[in-house]
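Here's a quick look at the cysteines and one helix of this model. Have the sequence and the structure open as you read.

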Amino acid sequence: MASLVAINNKTHLHLKVSPEKAQWHGSALHLIPVVASEFINLAVQYPVVLTKNGDTGQFVFAAMLGFETGENLFWQNDQWQGLYLPLHIRRQPFFVSTNDDEQQGNDEYAVFIDSKSPTIEANSSKGERLFNSEGIDTEYFQQAKACLAQLIIGEKENQTLLAILQEMELIQALSLEVTFADQHSTNLSGLYTIDEEKLAQVSDEQIVKLHKGGWLPAIYSMSSSLGQIHALIDLKNKKKKHHNEQI
Amino acid sequence: MERNKLAKNNQAKQENGNAHSFSNEVCFQEAICEKGLAPKTIRTAEFADIANYAYHLDSGKFAVFLQKHCQEKLGINHIIDDVIQVNSADNDDIASVSTKEHGDICGEIFVDCTGFSSLLIGKHYGVPFKSCSDILFIDTALAVQVPYDEEDSAIASHTISTGQEAGWIWDIGLQHRRGVGYVYSSKHSSEEQARAVLAGYVGDKFSGLKVRKIPIISGHREKLWQNNCLAIGLSAGFLEPLEASALVMVELAAQMLSEQLPQSRDVMDVVANRFNEIALYRWERIIDFLKLHYILSKRDDNAFWRDNRDSKSIPQSLKDLMKLWQYRSPADHDFTSNNEVFPAASYQYILYGMGFESDYRHTPYVLDDKTLAQQHFSQNQKLTEKALASLPSNRELLNKIKAYGLNRL
């Protein structure tokens, strides 16, 4: 559980963070939220799907990293073995929230840090500082903030894309029975994807809307990324085999 | 000490439902109800379910919705007016109805939806009303709207029906209040006594509530379709609301009419005969099923229950079934019409829920396959545990639906 503390250049003047350890935050996630602008990068390795938020039942975009809760098949030997690290991992240990003190309509955001993040270095000889000795943001912290900004924009774009997909009824449930090499099988439920048949039948007006909005790359990336489920099965089989050999 | 322990055990039993009740052994839904859980989660698509459920609709709003649907989507011309006269054709069909403001309205077929006044089928055609008050004694309802204690008080996920000295009380949890009512037999209880029973059930709040008294006339028309006129709704009949059968009958009749709408006057009498046969069969089965609830009770605190068990008050069709069920459980072949309102399972829930025991001495082989039975029981237990672990409370789900809505898929 993240424990969020607002960052300021007094309390956190000397704080040091090791960015390369951010990936630890995803070591036990089988689904990770993603934003539309990174679908193309994700689709090279991970299935990009839709799932529903447990609290609200609303759709969220997610990259699939494993088949069951707690399973990230890209996490091996204490390292993330994927080519592309999703923004939600790279942003660690920083979080952003609208500042309650601000007037509405003001785009000021407050930046928080997860005080329990493994990226925070107790040993001051390692890691990157957030502030220089004058209390001004370091280049590292500026980059971290840029990453958060990208996420904020990404979340807004996600909502727009979701609304369009729902309005055009382009989402369908993904029902899939996956059988592993050891004949063990699992039913994937609660996942959704693009309904390609419906996509092929959208009206001229709708396709223009998708094209002008720049949504087609994201939509096609989602569709094509489903093939990565086979790669994921392969990873799982290898992991199982390795596990069995050790026994 | 012992007595205290026993009381505690009984209390625990009540809180967890009856652990070994028939319904608990064969279905996971009793456990959900006892815990006040919702039948689905916020992630379940709209109209999809994890456990079976139904909605309570605001009938006033629903009527407006249907009216709008009919006018806007189905192109129906909706006229609101008073019928002052019914005009016959030579063959005794209804040729037209005269209205106060819109003159005569001609038609090939007339659906009598005039409620209890039964203007066409009852008053015009004089089709007799077949009362079943000799079988089902309940003839009065006292209803109240009970506010919740707190804004976030638990909402029961099932209609709670509790037997009383001369009838039973319904208790329906809605979003903003409970609907509670006592239906009773006025031959077995005075109104004053009935009010006292209802007050005892509702508790302190009762004194401030407005009590609505509703007469219940149990029975139905001997024919539901006469000439070119058929009755749907209260004009056709009504029964005490124990199984919400009145609504089902409206739906089934409307569906049957839409699917079998006569193509010409020539075929109408054939369609009408079949409609009558099916509808009457359904009324009789519902009456049997409602009566079943009463005849198994061992209550002796009021003549209401004793009279209900009196053989003279039990229809022969139900007596026959009870005879068969002495030796075996209700089965699908007891209900072979494809127009059944209640399946065999419904009868099983009532029979065995009331502690009835079938005697398998003559057919012990029926109980031979203990492994299979055990498999089903343990499967149900797994389902129960899973449901209890994953379902939110009814209140929590309703609040979420209000905040976020349900997804279409």
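A:Cys147 counts as buried in this predicted model, because its relative accessibility of 10% falls under the 20% cut-off. B:Cys229 is buried too, with a relative accessible area of 0%. Here are the two side by side:

| Cysteine | Relative accessibility |
|---|---|
| A:Cys147 | 10% |
| B:Cys229 | 0% |

What about disulfides? Over all chains, the count comes to zero. B:Cys229 is in no disulfide, and its nearest cysteine sulfur belongs to B:Cys113, 9.4 Å away. A pair has to lie within 2.5 Å to count, so that one doesn't make it.

Now for helix 6 of chain B, which covers residues 191-202. With 12 residues at 1.5 Å a residue, helix 6 should span 16 Å, and its end C-alpha atoms are indeed 16 Å apart, so the two values agree.

Which residues of helix 6 of chain B are buried? They are B:Ala194, B:Val197, B:Leu198 and B:Val202. Looking down the helix axis, you'll find these buried residues within an arc of 130 degrees, so they line one face of the helix. Flip to the face turned away from that buried side and you meet the exposed residues B:Glu192 and B:Gly200.

And what does the buried side of helix 6 pack against? In chain B, its buried residues pack against strand 6 (140-147), strand 7 (160-164), strand 8 (167-173) and strand 9 (177-184). Just after helix 6 of chain B comes B:Gly203, which takes a positive phi of about 95 degrees.

Terms used:
Residues numbered from 1 in each chain as written. Chains lettered and ligands numbered in written order. Predicted model: local features only at pLDDT ≥ 70, side-chain atom pairs only at ≥ 80, totals over all residues. Heavy atoms only, no water. Buried < 20%, exposed > 50% of the residue type's maximum accessible area, 1.4 Å probe, protein only. Helix = DSSP H or I, 4+ residues; strand = E, 2+ residues; numbered from the N terminus. Expected span 1.5 Å × (residues − 1). Arc of directions from axis to C-beta. Contact = heavy atoms within 4.5 Å.
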